[in-house]
Amino acid sequence: MAPATPATGPGAPLSLDKLLLKGNSEKTEEGLEEDDDKEFDETLSERLWGLTEMLPERVRSVTGATFDLSSSVAQKMYRFSRAALWIGTTSFMILVLPVVFETEKLQMEQQQQLQ
């Protein structure tokens with residue numbers, strides 16, 4: 001009796017190695033892109049929120065309190081700077097500009113008298 005040799009025809013079963021190689025070679029670029037599209041689309045804020053679960057509750061509460069305090073201070077500073085700029089600008093226009101215009105007018109009159 002002759003030893004059995006593996007069949008090599010089109011209907012012959014494939015070995016495990018050939019099946020693995022065939023599966024990898026059949027994936028095209030489109031297939032790889034489709035695999036990438038299957039990933040979840042999440043925003044940066046969603047990703048950061050998900051990362052907070054790995055931190056202890058104390059760290060999360062301190063971070064939240066710090067953020068709230070920073071936001072509050074930034075809002076108050078904005079309101080203060082807006083009010084200070086308005087007060088400074090209107091004060092300059094009311095108190096300083098008339099003096100500047102009058103001194104300019106006097107200088108013009110002196111120059112005309114010299115000519």
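A pocket, as I use the word here, is an open set of grid points with protein on both sides within 12 Å along at least five of seven lines.

**Entry 1: the model and its fold**

I am working with a predicted model today, so I keep that in mind throughout. I started with the secondary structure and found four helices and zero strands in the protein chain. Reading along the sequence, I noted the pattern α-α-α-α.

**Entry 2: burial and surface**

Next I looked up how much of the chain is covered. Of the 115 residues of the protein chain, 1% count as buried, where buried means under 20% relative accessible area. The chain exposes about 11,400 Å², and I wrote down that carbon and sulfur atoms supply 63% of that area.

**Entry 3: the largest pocket**

How much space lies in the largest pocket? I noted about 210 Å³. I then went through the lining and listed Trp49, Thr52, Glu53, Leu55, Val59, Arg60, Thr63, Gly64 and Phe67. Which helix gives the most to this lining? My note says helix 4, residues 57–114, with five residues. Sorting the lining by class, I got four nonpolar, three polar and two charged residues.

**Entry 4: Arg60 and its partner**

Arg60 from the pocket lining turned up again when I checked charged pairs: Arg60 forms a salt bridge with Glu57, and their closest N and O atoms are 3.0 Å apart. I looked at the spacing too: Arg60 and Glu57 are separated by about one helical turn because they are three residues apart in helix 4. Is Arg60 buried or partly exposed? Arg60 counts as partly exposed, at 32% relative accessibility. Glu57 is exposed, and I have 53% for its relative accessible area.

**Entry 5: the other salt bridge**

The structure holds two salt bridges, so I followed up on the pair Arg47 and Glu42, whose side chains meet at 2.9 Å, N to O. A reminder to myself: side chains of opposite charge can pair when their charged atoms come close. Both partners went into my accessibility list. Arg47 is partly exposed, with a relative accessible area of 47%, and Glu42 is partly exposed as well, at 41%.

**Entry 6: a nonpolar patch**

My last stop was the surface again. Which residues make the nonpolar surface patch of about 720 Å²? I wrote down Phe92, Met93, Ile94, Leu95, Val96, Val100 and Phe101. I picked Val96 for a closer look and found this residue in helix 4. Val96 is partly exposed, with a relative accessible area of 35%; that value fits the patch rule, because patches take residues with over 30% relative accessible area.

Note on methods
Residues are numbered from 1 along each chain as its sequence is written. This is a predicted model: local features need pLDDT of at least 70, side-chain atom pairs count only at pLDDT 80 or more; totals for chains, interfaces and linings use all residues. Side-chain values use heavy atoms; hydrogens and water are left out. On a 1 Å grid over the protein atoms alone, a cavity is a set of points where a 1.4 Å probe fits but cannot get out, and a pocket is an open set with protein on both sides within 12 Å along at least five of seven lines; lining residues have an atom within 4 Å of a point. Grid points are joined across faces, edges and corners, and a volume is the space filled by probe spheres set on the points. Helices (H or I, at least four residues) and strands (E, at least two) are DSSP runs, numbered from the N terminus. Ala, Val, Leu, Ile, Met, Phe, Trp, Tyr, Cys and Pro count as nonpolar, Asp, Glu, Lys and Arg as charged, and the others, Gly among them, as polar. Patches are made of residues with over 30% relative accessible area and no salt bridge: like charges are joined within 9 Å, nonpolar side chains (Val, Leu, Ile, Met, Phe, Trp, Tyr) within 5 Å. Accessible areas come from the Shrake-Rupley method with a 1.4 Å probe; for residues, only the protein chains shown count as cover. A salt bridge is a side-chain nitrogen of Lys or Arg within 4 Å of a carboxyl oxygen of Asp or Glu. Buried means under 20% relative accessible area, exposed over 50%, partly exposed in between (1.4 Å probe, protein chains only).
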